[in-house]
Each structure stands twice: as C-alpha cells, then as structure tokens.
Amino acid sequence: MKLRRPVLALLVLASLVSATSASAAKQDTSLSVVGYSIPTSVFPKLEAAYGNGVTFANSFAASEVQSKAVAAGLPADVVNFSITTDMDRLVNAKLVDKNWASNRYHGIVSKSVVVFVLRNGNPKHIKTWDDLVKPGVQVVFPNPFSSGGARWDVMAAYGSQLREHKTAAQAKAYLKQLFQHNVSQDTSGRNALNTFLSGKGDVLLDYESDAKLAQSQGKPVFYLIPKATLQIETPLAAVDGSNKAEAKTFVNWLYTPAAQRIWAENGFRPVDPTVAKRYKAQFPPRPQLFTIGYLGGWPRVDKTFFDPTNGVVAKIEQSLGVSTGG
Amino acid sequence: MIGKHAVRYGSLLYLAAILIAPVVLVFYRAFEHGPGPFWDAISNPAAVHALRLTLYVTLITVPLNTAFGILCGIAIVRHRIPGMGLVNAIVDLPLALSPVVVGLALYLLYGNDGWFGGFLHDHGFRVLFATPGIVLATLFISLPFVVREVVPVLREIGTDQEEAAATLGASAFTTFRRITFPAIRWAVAYGVVLTTARCLGEFGAVSVVSGGLAGRTQVLTQYVQASYENFDQTGAYAASVLLAGLAILTLLLMTVMKRGDRSS
Amino acid sequence: MFPLAVDAARFLPTARRRAVGAPALASGLALTYLSVIVLIPLAAIAAEGVQGGWQHFWEVAWNPEARAALKLTFAVSGIVVLVNAVTGTALAWTLVRDSFAGKSIVNALIDLPFALPTIVAGLTLLALYGPTGIVGVDIAFTRLGVLAALLFVTLPFVVRTVQPVLIELDREQEEAAASLGASRFHSFRSIVLPHLLPALLSGVALAFARAIGEFGAVILISGNLPFKTEVASLYVFQRLNSGDPQGASALALLMLVISFLVLLGVGGIRRWATRHDR
C-alpha cells in the first residue's frame, strides 16, 4: 500500500521526538515558577544566573488567576504573587507552608510603587491624583477582581486621599470617581500596560517595575511617581511538592545580594538594604509613601474593599453598571 | 464585461485585504531585522520546547483520530444500529463548537474537583495542566476530519464489491484491506492532512487546559501569545512564521492530493 | 474532489445504500471512543451548567455581562455571514467561471484560514490594522477589529460549499437566457442562485457556528472590553479564569446548544436539497 512508507516515517519521527523529550526530562531537576504578570522578563534572567543544573518552566498571568489555578492543580514549585492574600489561599489549601513569611524579609522578595504611566509630552498635564478625575481624563487600570496590581492601584488611590487628610467617606467618593473615569478592565497588570500602549486612555496606573520595562523597550511613555503612593510588596514562597528542597534553595537564593542586584537592574526595588542603597538613584524615595499596613493590612482591606458582593469596590461597580465578577 | 471584471477584482481585492496582506506581513515582521534575530528567536529553549510539544501531541493525535475516523466512517455508512444519524451529528460537533467550551469541558472532568480528576490525581496521574490534557483537547477538536472525508466516498462506492468479496469467503479484515481501504485511501490521506493542520494550530482549548508553563506545557500557539504580551515581537512573529510555514505546507499537500485523487 | 470541512457531495445525488453489516466491533469501538472524547466532556458542561436548577442557570447565564457578550457575538457574526454570503459567492464564481493567471494559487489560498492557527491570524490582523499597522487604520479594541478577525476565519466556508455546485451546474439555461436578452445579473439571480441556495445556506450556517465560537483570532485584537468588545468565548474563558466554572458552564451550555441546533439545521438543509433524489 502506498501509505505504508509515510506511516513508517511518522512512527520513526514519533519515537525520536518522544525519546529526546524523555531524556531531557530525566537529566535535570525542573522547577516550575508561577507568578503574577509583571516579572515575566526578570525571572528568565534570575534563572539563568542561578544555573545549578536546574531547568525552569515559567507561567505568568494575573495574580489571582494564577493563585486560583495553583489551588486547582496547576503544578508549581515556586510562586511569586502580587498580594499576600493570593499566598494565603495556597496556605489554606495546604500547598504552601504557613511559615512561608518567616524570613528576615517577611517573604517579600521585591518591592515597587504605584505610578502614573503617561504618554510622552503628557498632553493632558496629569500630575496628581486629583488630575485623574478631571473631566475628560481616561484612566486605565486592570480588573481588581483578577489582578493584584489593580488592588494596589485602588488602595494607593484611597490612601492618597487619606494622606491629604480627607475622611474615609470622601476617599470612597474619590474611588467612585476614579472608576467612572476607568476605560478598560484588563485581567492583569501587563495586559493593562499593553492596552495603554496600544493607544487607549490618558494615564495608566501600574507598577513602577512595569513602567520601567516599557521605557527600556523604547515605548513612547514615561512614568511619574505621585507624592503620596503605596509601596507594593510582592510575596514569594516555595510550594510543598516533590521538588520542595530544590525550590526552597532557589527561593533563598532570590534574596541574596547577587539576585537582588538582578531584581534592581530590571526595575524592581530590592529588599536587601545594601543593594537598595546602591540603587537609590533609580528608586527615589517618596515623601508620603505608605504601606498596606497603614490601611489595615491585606486581610482586612481585602474583605472590606474587594469582597465580590459586599466590598466597597463591588458596590461602586454595581452602582456604575459595570461587571463586578472577577 | 464590466460586471465580470468587477466581480473578479472585487473578490480578489477582498481576499488580498483580509487574507493575503496579513500573512505576508507576518513573514516581513519576522525577518524585518534580518535572519539573525529570527534564528535567535526560534532557537531559544522555550520556543524549541513549544515546537517539540506541539509536534509530539500531533503525532499522538493524528493516528488515533485516523483509526477512529475510518472505523466511524464505516460504522456510519454501513450501519446496523439505528441512531447513526445522531452519531453523524455528534461527530460534526467539534467543528461548530467553540474551543473554549471544549477546554472547559475537560477542566470540569479532570480538574481536582472534577468527575475523574480527583481519582486520577490520587493515583499520581495528572491530566489537567499536563500533556495528557493537551492531547485530550486536541483529540476532541480534530476528531471530525477523517470521518467527514471518508463517509461520502464510502457512500459513493456502494457495497457491491464488498458483498462480492463476502460471498467469495473473504474475512471482514481482508475485505477491508483489499477493497475498502484502497478505495478510501485518498480520502484518508486528505483527512490526515486536515487533522494535522488542526492539531498544529489549536489554541483555544489548549489555553484552558494546559496551564501554559513555558518549557513544560506550553504549545507553540501559546508561545506566540506569551511572546507578544511580553514585548517580544520578533519571537511572536518568528513562531508565527514557523506555524504559517507549516500551514502553507499543508495547503500544498492538500492541493497535491486533490490532483492525485482526480488522476487515480 | 474533497471539499474542505463541508461535505458538499451531500448536495449531489447519493448512491443507494444497501445495509451491508459493519462489524459490530468497529461500531462499538467507534462509539466508545466518541463517548470518551466528546460525549462525556460535553455532559460535564451540561451537568455543571444546570447545577442548582434552571432558575439559577438563567440567572447566571443571563447576567448583564453575559448578555452583552452574547448580543455582541450574534450581531457581529450575523454581519460576518452576510458579508461572506456575498464575497464567498463572488470568490467561488471567480474561481469557477473566470480564468486568469495565478488562479490555481488563489484557489489554494482560500483554504489558508483552515490551516493557519487562529492566534497567528489574530496577530497578523493586529499587525496590519492595529496601532502600529502600516495601513494607518487602527481597529484594535473596537468591534471592527472583532469583525475583521471573524471575516478572516470564516472566509473559506461559503466559497467551498458553493464552488462544487457551481462546477456541476449545467450552463444551458443561462446560455438560453442570455440568448433571449436577459442581463447577466438577472440570469444569475433567477437561474443560478436557486441552485446555489442550499449550498449557500449551508456555508452560511457553518460560518455562523464558527464565528460565534471563535477565540484565538479575537483575543489579541479585541482587547476583551466587557460590554464593548468581549465576545462570548472570551467571557467563558474569563469566568473560568476567575474561578467561576459554573458561570462559565452556563454560557458554554448555551453556546453548545446553539452549535448543535446549527448543525441540525445544516443537516435539514441537506435533506431538503436532496429530497428529489431519494
């Protein structure tokens, strides 16, 4: 039969392909890194510097999406989320040790701040939080029910009002105005950046690290750190599994000065104080910088603001007729 | 005469704008900065692995769906069981169904809380977020092609020769090997080409079930999306060129087979 | 001749079938495979979707965002199939009745959307008609972008169903009409079109089914803006990603039922078209 030869060729090819795949798997340890959407470019660099005969499989997407995926079975050895409540979900699912935050840095491997990303020339002269809610200004930030970055953005906005000595009620009213000026609800911080870069909106609320990446890629944008802004702290942990020891070694290495330097070179604020001092020029301090602790800590903030039915944000979105589901 | 030219040039212009121009642009953008960056983009480990995984899944899926396609085609046309008409409709369903729905179905079955997921997980067998899940998704969406090519041919050739063989004492398998299969071999070959193309290009269902771990469970189509979203335009276009090249190869094979069938 | 994706031979007379038994083993194996690969997964969607009762199903499937996604999906798909009915027939006509240099290449190219991965299609449309596109038009994040993506993936359907019928068509009647002075358009409308109608409708129905489910081509160019450019498949994807498989399943079940109805419709058209041959 004429088809016998092609079938034979197919089988030979198949065995070759599977043989090479199998052999590759047996040689090295393979760690899977599951992270939020922002450190997509920095992890390959960290992994290359780490070496040690370990191969890595990476996946980056919105923080809450990733956290739920890992809880649903996505194989992960190392996780780096945007907010600690996404880590708590895995602790509750018995996938991450409850002492994950017990090192010197409380489990936070890198920091950032919430910034305004603006188009070159800043045609609408946006400088302050109040400028965001001026008539005709379109603000881009992701969906708070899937993106950790969006939650940092919203709480930065809220906290900035408190810093201006406004009351909680006034701050909530400001949030409502902010949502009225929001023009898109991307799933993740990185998606929001891509939306902004493709021409939508006048200002993007984003991580400083993401903004720095966009600039280094030559995009026609710049960023501005508002006077009052929120310090972003991204948690990192090893996941209980067959590769836990190897994962823990990698996690510990990510705090060493060598690794922290790579974080800093790629736009993330290092947590190691000596490295931080060296890179002070790239990461200016802000006079009215505040942390999530100032606002009550993530567990309490999450419940008050981001509960999908009764949270402040859910109520705002319902009153504006926008979808609330994350 | 004007009408004729209007139809010709109008339709060709439409084709150019919607189809040809975009594909030409892919090649242009991939090689815009020269062959060096293109080669770097497709030889990085994640891209190589994505290509290998895609080919691996295809090499498993195509033979399975081909065997099923032939069996099912025979069953539908030479049916004994009533309700084969319904079977015919179900076989066609993957063509009309959104790939995301397919992925969701597999997620519901093989997720940790799924019908089979918990059981399989307890026995150390992971389906979702691993290669078996990708294979199952690809089997679903590429299921119809061989069946649909085989069925009309089987209908057309009728059963005379097969009946004659049976009266001469040939077994079912001999009848199949000597009479049925030679008659449908071009249909099978054509169906195999279509199935292969569909496997290589699958994206929606795989996006749901694979987890997209670069270097482990990320197929080439997902690599295109991930590169694009990570400002790696050259990488995205380079991988697209690979896929587009395979697509054009598929088109050539399809054209050759159409001619081959006509001549045989 | 093997028409792609649509068995156009269904619209031509079929050989009379005599029931020669297929080995029961063949049927049994085929049915088992079909169940494992297709039926059981689909049953899981149905089960998850109606979990909690019918009222809950409608609440979940009919929430504002889902409704908006469905409305948008149907509206854009409707326009797409109308455009395809015209352009597909025109392309088929050009390929069958016309002759020009490179026609065989064009004929082969028609199948490209079947062979090209949808994500690549979306990427290329974005490159051409997006913010950095060389044409100067920017339809990213707009419904026009969704339209363009769907036009790309549905291009072959009508062409490939109509083409074989045009090839088989006897031109005597058209020649007679021409000799009596009928215009080309008139003879097309009253002589050719009725013969094409079953194939045309079938191609339109399949294109519609394909359009409402499209995911890969749309995901990059649409921006997935809820209530604006979020189509049904993207909504299902997003719901699942947000840890709401039930919300995803409710809408997925709706889409499943619609797809099945479209297929039944195509089958019905085929039976109506070959009614005189049985």
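This report describes the contacts of chain C, one of its helices and the largest nonpolar core.

The structure is a predicted model, in which local features need pLDDT of at least 70, side-chain atom pairs count only at pLDDT 80 or more, and totals for chains, interfaces and linings use all residues. Residues are numbered from 1 along each chain as its sequence is written, while chains are lettered from A and ligands numbered from 1 in the order in which they are written.

Two residues are in contact if their C-beta atoms, placed from the backbone, lie within 7 Å. The two contacts of chain C are tabulated below.

| Contact | Residues from chain C | Residues from partner |
|---|---|---|
| Chain C with chain B | 79 residues | 85 residues |
| Chain C with chain A | 16 residues | 14 residues |

On the side of chain C that touches chain B, helix α1 (residues 24-49) of chain C supplies the largest share, 15 residues. Helices here are DSSP runs (H or I, at least four residues), numbered from the N terminus. On the side that touches chain A, the elements of chain C giving two or more residues are α3 and α11 (232-241).

Helix α3 (residues 64-97) of chain C has 34 residues, which at 1.5 Å a residue should span 50 Å; the end C-alpha atoms are 49 Å apart, in agreement. The expected span is 1.5 Å times one less than the number of residues. α3(C) bends by about 25° at Asn84(C), the bend being the angle between axes fitted to the seven residues ending there and the seven starting there.

Leu104(B) touches, among others, Val208(B), Ile45(C) and Val236(C), not counting residues up to four places away in sequence.
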